[in-house]
Amino acid sequence: MNPVRRSSVLACTVSALAICVLDISGGAAALFTTPVRLASAQDADMTAAVRLFQQGRALFDEGDYAGSCQKFQASQEIDPAVGTLLFLGDCNEKQGKMASAHAAFSSALALARERNDERAKIADVRATALAPILPRLKIAVATAVDGLRVRRNGVEVPAEAWGKALALDAGEYTVEATAPGYAPFSRTVTLEDGEEPIGVEVPELQPISSGTDPRDAAFRYPDGADEGPPLPWLAISGGVVTAAGVAAVTAGIVFGVRAQSDADAAEAPDTTGDTPCREAIDGLRVCDEGGRAFVDDARSQGNLATGLLVAGGVATAAGVTMLIFGVDMGDEVETTDTSWRVTPMFAGRSVGVEVGGTWW
């Protein structure tokens, strides 16, 4: 073994990051220039991270919190720093992303403790303040069939996270469960800050029969899906027609009352003691201009009342019949969740009816 080469190598290993200057062939020297090149790469990364951090600070001061978060995140990925994480948590909190902010403050706390950084106390206070209001979503799986995959807004949820109330940013989340040969499950929930954790239970997926086109499965809800009872169409239609009939009858009564009121007004004495309409010779009725107006209104409103009463009676009878047949044919009407509303409306000499209702 060449003693000169050995002693040169030993001398170079003592100087950790220095360039070795050797009086031998360049083989050993080339070997020990790698730490220097590595240090240069680290310096470049740190420079890039600082530049991204400064850009994030500028955007943060301008109120562009979304843009600043992107810069802080990019800086953190290149060169982790406590200060970067603190600003990342702050810009997320200002956007209302409390779970993301809590995660950043928690990471800042862990890194600060690891580096004995006094800012650990700040990170701890910020994370602790957010913890009680974090929205949480718990996805429970009743039976894990072969090949089951659970996704939340398109992102797969690993099996080890099933059954755990995970902190998420407020917003709308769609939970999907799929497996080869089974009908899929899907449910959408909305998380809000400060509310109790929301749970979504994935029921046991139902197998698709061999003769069924699997593309049709997306339009069928498996057992246990929270989609409400089936709509009782015939019974609902009967309810609507019945309500319309009742409304027409109500309006007919109102117009009838107004017609009678106008007729009475035509016979009532005015302030001078004269009556707008009175009997003349040969039993004829003679009316002045005001009396003729009362009579014309009474006649038109009476005709309208008659028409509404007849139409309303027919519609009510038809609606009740539809309700009876709808229930007999298996349309289950849940009366506890069904209600109807008929409200007469008056405006001067105009009359109307408002009809409304709810059913499920």
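Let's start with the largest nonpolar core, which has 22 residues. Within this core, the residues that touch the most other members are F72, L86, L88, C91, F105 and L130. Please keep in mind, as we go, that this is a predicted model.

Where does this core come from? Five elements each give two or more residues to the core: α3 (34-61), α4 (65-78), α5 (82-94), α6 and α7. Among these, α6 gives the most, with eight residues. There is also another core, lying apart from this one, with 19 residues, including V145, V150, L168 and A177. I'll stay with the helices today.

Let me pick up L130 again, since we just had that residue on the list of well-connected core members. If you set aside neighbours within four places in sequence, L130 is in contact with E93, M98, A101, H102 and F105.

That brings us to the pair α6 and α7. Helix α6 covers residues 98-114 and helix α7 covers residues 120-130, and their axes come within 8 Å, crossing at roughly 150°. With that angle, α6 is roughly antiparallel to α7, because angles over 145 degrees are put in that class. The crossing of these two helices is left-handed. Which residues in α6 and α7 meet? On the α6 side we have M98, A101, H102, F105, S106, A108, L109, A112 and R113, and on the α7 side A120, A123, D124, R126, A127 and L130. Sorted by class, this contact of α6 with α7 has ten nonpolar, two polar and three charged residues.

Now turn to α5 and α6. At what angle do α5 and α6 pack? The angle is about 165°, and the axes are 7 Å apart. So α5 and α6 are roughly antiparallel to each other, and this crossing is left-handed. From α5, the residues taking part are V82, L85, L86, L88, G89, D90, N92 and E93; they meet M98, S100, A101, A104, F105, S107, A108, L111 and A112 in α6. By class, the residues of the contact of α5 with α6 come out as eleven nonpolar, four polar and two charged.

If you're following along on the structure, V82 is a nice one to click on. V82 sits in helix α5. Is V82 buried or exposed? Its relative accessibility is 2%, so V82 counts as buried. Leaving out residues up to four places away in sequence, V82 touches A108, L111, A112, D117 and R119. You can also look across to A123, which is 41 residues from V82 along the chain, with 8.9 Å between their C-alpha atoms.

One more residue, this time in helix α4: Q76. With a relative accessibility of 11%, Q76 counts as buried, because the cut-off for that is under 20%. Apart from neighbours within four places in sequence, Q76 is in contact with A81, T84 and L85.

Let me finish by stepping back to the whole chain. The protein chain has nine helices and eleven strands. Of its 360 residues, 29% count as buried. And if we take the contacts in the chain with a separation of 6 or more, 53% are between residues 24 or more positions apart.

That's my tour, and I'm happy to go back to any of these residues on the screen.

Notes: Residues numbered from 1 in each chain as written. Predicted model: local features only at pLDDT ≥ 70, side-chain atom pairs only at ≥ 80, totals over all residues. Heavy atoms only, no water. Axes fitted to C-alpha atoms, helices over the stretch in contact; angles between N-to-C directions. Helix = DSSP H or I, 4+ residues; strand = E, 2+ residues; numbered from the N terminus. Parallel < 35°, antiparallel > 145°, perpendicular 65-115°, else oblique. Left-handed = near helix turned anticlockwise from the far one by under 90°. Contact = heavy atoms within 4.5 Å. Nonpolar A, V, L, I, M, F, W, Y, C, P; charged D, E, K, R; others polar. Core = buried A, V, L, I, M, F, W, Y, C linked by side-chain atoms within 4.5 Å. Buried < 20%, exposed > 50% of the residue type's maximum accessible area, 1.4 Å probe, protein only.
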